[in-house]
Amino acid sequence: MRKTYLTHSILAASLISSQSFAAGFQINAQSATGLGRAFAGDAVIADNASVMARNPAAMALFDSISMSFGIEQVTSFIEVTDATYAGQSIADTDDIGGTSYVPNFHLIVPVNDQFAWGVNAYSNFGTETDFPSDYPAALFAGNTKIASYNLGVAGSYRINEQWSVGAGLDLIYGQGTFQRGVAVGSETSYMNIDGADGWGLGFNLGAVYELDENNRFGLAYHYSPDFTAEDDHGQEVSFSLPDMLEFSGYHKLEDTKWAIHYSIEYISWSEFDTVEFSNLNQGAITNPNIPGIGFGSSYTSGYDWQDGWHYAIGTTYYLNSDWTLRAGYMYDTSAQDEITSISVPDSDRQWFSFGTTYHINTQSNVDFGFTYLMSEDVDAVEGEGLLTGTTRADAILIGLQYSRTF
């Protein structure tokens, strides 16, 4: 029982970190433009300043100051069905998801024909589930709410007409809440980690190759730092975040209004293998001496996730001077492997996306993006069979964004 209880503490703590609603606890919320094409080609298309979040080298494609800001609404539909706990059936639960709003901001400033710099703010990781307070399996399910904020600064350098490179620093702030209940006889002891937060420093590198004005490729690498979060009681948890490597292509079809674009992204979730707890028993657990559970001052446990992949393809149709239309599809592989969870369900997922751009004038436009994210049913087993159930987590993502050049 002690190992099971701590396994879920590990999961929640790991979520306190900084791409929307993808495998693991990754989200893609950098832009409504990207959302409308399932982020296919996003590391090189460069239709507004939000591209710097995917590839800093793409800032070299801008010849005037460019700004974008927007917000994305993420509504998850998470259910647990056919669940049993300690041999007893549990009523189906279909309302444990939630709605969150994720803002973003990007600014690119060209200095001359070779150099550009930029700053941005967005989110890379997050999740939220909220089980009813009287849920029988409170040991495994409660309230999990994670938010993260990525503050970035980057620069780009154009080597020649074909090649550009870029680099940036990412300052990541994360915070989260993790609450679980443990029934002991007629009483319930609660674990309440609320407001745990911390900072991490990462970096990103990128390159762009322009075959010609209608065909280009981008490659970007994001290094994610080791992360330590601390709650109000001084308890600490340390773990590694995944690195990301993305290749994108964009091709405007000659003598047509169509373009195709694509991305392949690798996420090193296997780096999330162990989590270390320290300074335990500082008050977050109201009854730390529950028979069979107990806590020491430190604890290390494995989680054993697997590396993930995103495969995305999309198309853009430049209808006229006022409207641009886009659509995309992404297949997103699960980060969880043999160890699964009802509190944060995970599976292979499919993205079905469409979006539009309305050009207000030659210098400003508004983007709208919509995605329906469809997951798969997953059989979850926790506590060596104490809890079993089938989980599913679908989502609807809606984004709105304003962009302007100066």
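In which strand is the place of Leu169? Leu169 belongs to strand β7, and the legends below return to this residue in its surroundings.

The model is predicted: local features require pLDDT of at least 70, side-chain atom pairs count only at pLDDT 80 or more, and totals for chains, interfaces and linings use all residues. Residues are numbered from 1 along each chain as its sequence is written, and side-chain values use heavy atoms, with hydrogens and water left out.

**Figure 1. Overall view of the predicted protein, with two helices and 21 strands.** Helices (H or I, at least four residues) and strands (E, at least two) are DSSP runs numbered from the N terminus. Of the 406 residues, 55% are buried; buried denotes under 20% relative accessible area, exposed over 50%, and partly exposed the range in between (1.4 Å probe, protein chains only). The accessible surface is about 16,400 Å², and carbon and sulfur atoms account for 55% of this surface. Accessible areas come from the Shrake-Rupley method with a 1.4 Å probe, and for residues only the protein chains shown count as cover.

**Figure 2. Nonpolar surface patch of about 730 Å².** The patch is made by Leu151, Val153, Leu169, Leu171, Trp199, Leu201, Phe203 and Leu205. Strands β6 (143-158), β7 (163-184) and β8 (187-212) are the elements that each give two or more residues to this nonpolar patch. Strand β8 supplies the largest share, four residues. Leu169, in strand β7, has a relative accessible area of 47% and is therefore partly exposed. Patches consist of residues with over 30% relative accessible area and no salt bridge; like charges are joined within 9 Å, and nonpolar side chains (Val, Leu, Ile, Met, Phe, Trp, Tyr) within 5 Å.

**Figure 3. Aromatic pairs that involve strands β7 and β8.** Rings of Phe, Tyr and Trp (its six-membered ring) pair if their centres lie within 6.5 Å; planes under 30 degrees apart count as stacked, over 60 as edge-to-face and the rest as tilted. By this rule there are 16 aromatic pairs. One of them is the tilted pair of Tyr173 and Trp199, with 4.8 Å from centre to centre and 45 degrees between the planes. Tyr173 lies in strand β7 and Trp199 in strand β8, so this pair ties together parts that are 26 residues apart in sequence. Tyr173 is buried because its relative accessible area is 18%. Tyr149, Tyr173 and Trp199 form one aromatic cluster.

**Figure 4. Stacked aromatic pair of Phe203 and Tyr223.** The ring centres are 4.9 Å apart, and the planes make an angle of 20 degrees. Phe203 lies in strand β8 and Tyr223 in strand β9 (residues 215-223), so the pair ties together parts that are 20 residues apart in sequence. Phe203 counts as partly exposed at 30% relative accessibility; Tyr223 is partly exposed, with a relative accessible area of 30%.

**Figure 5. Salt bridge between Arg37 and Asp42.** A salt bridge is a side-chain nitrogen of Lys or Arg within 4 Å of a carboxyl oxygen of Asp or Glu, and the structure holds eight salt bridges. The side chains of Arg37 and Asp42 meet at 2.6 Å, N to O. Arg37 counts as buried at 2% relative accessibility, and Asp42 counts as buried at 5%.

**Figure 6. Salt bridges of Arg326 with Asp367 and of Arg392 with Asp377.** In the bridge between Arg326 and Asp367, the closest N and O atoms are 3.3 Å apart. Arg326 lies in strand β17 (residues 323-332) and Asp367 in strand β19 (residues 364-374), so the pair ties together parts that are 41 residues apart in sequence. Arg326 counts as buried at 6% relative accessibility, and Asp367 is buried with a relative accessible area of 2%. The side chains of Arg392 and Asp377 meet in a salt bridge at 3.2 Å, N to O. Arg392 lies in strand β21 (residues 387-405) and Asp377 in the loop between β19 and β20 (378-382), so this pair ties together parts that are 15 residues apart in sequence.

**Figure 7. Loop residue Asp255, with a positive phi.** Phi of Asp255, a residue other than glycine, is near 60 degrees. Asp255 is found in the loop between β12 (244-252) and β13 (258-267). Asp255 counts as exposed at 77% relative accessibility.
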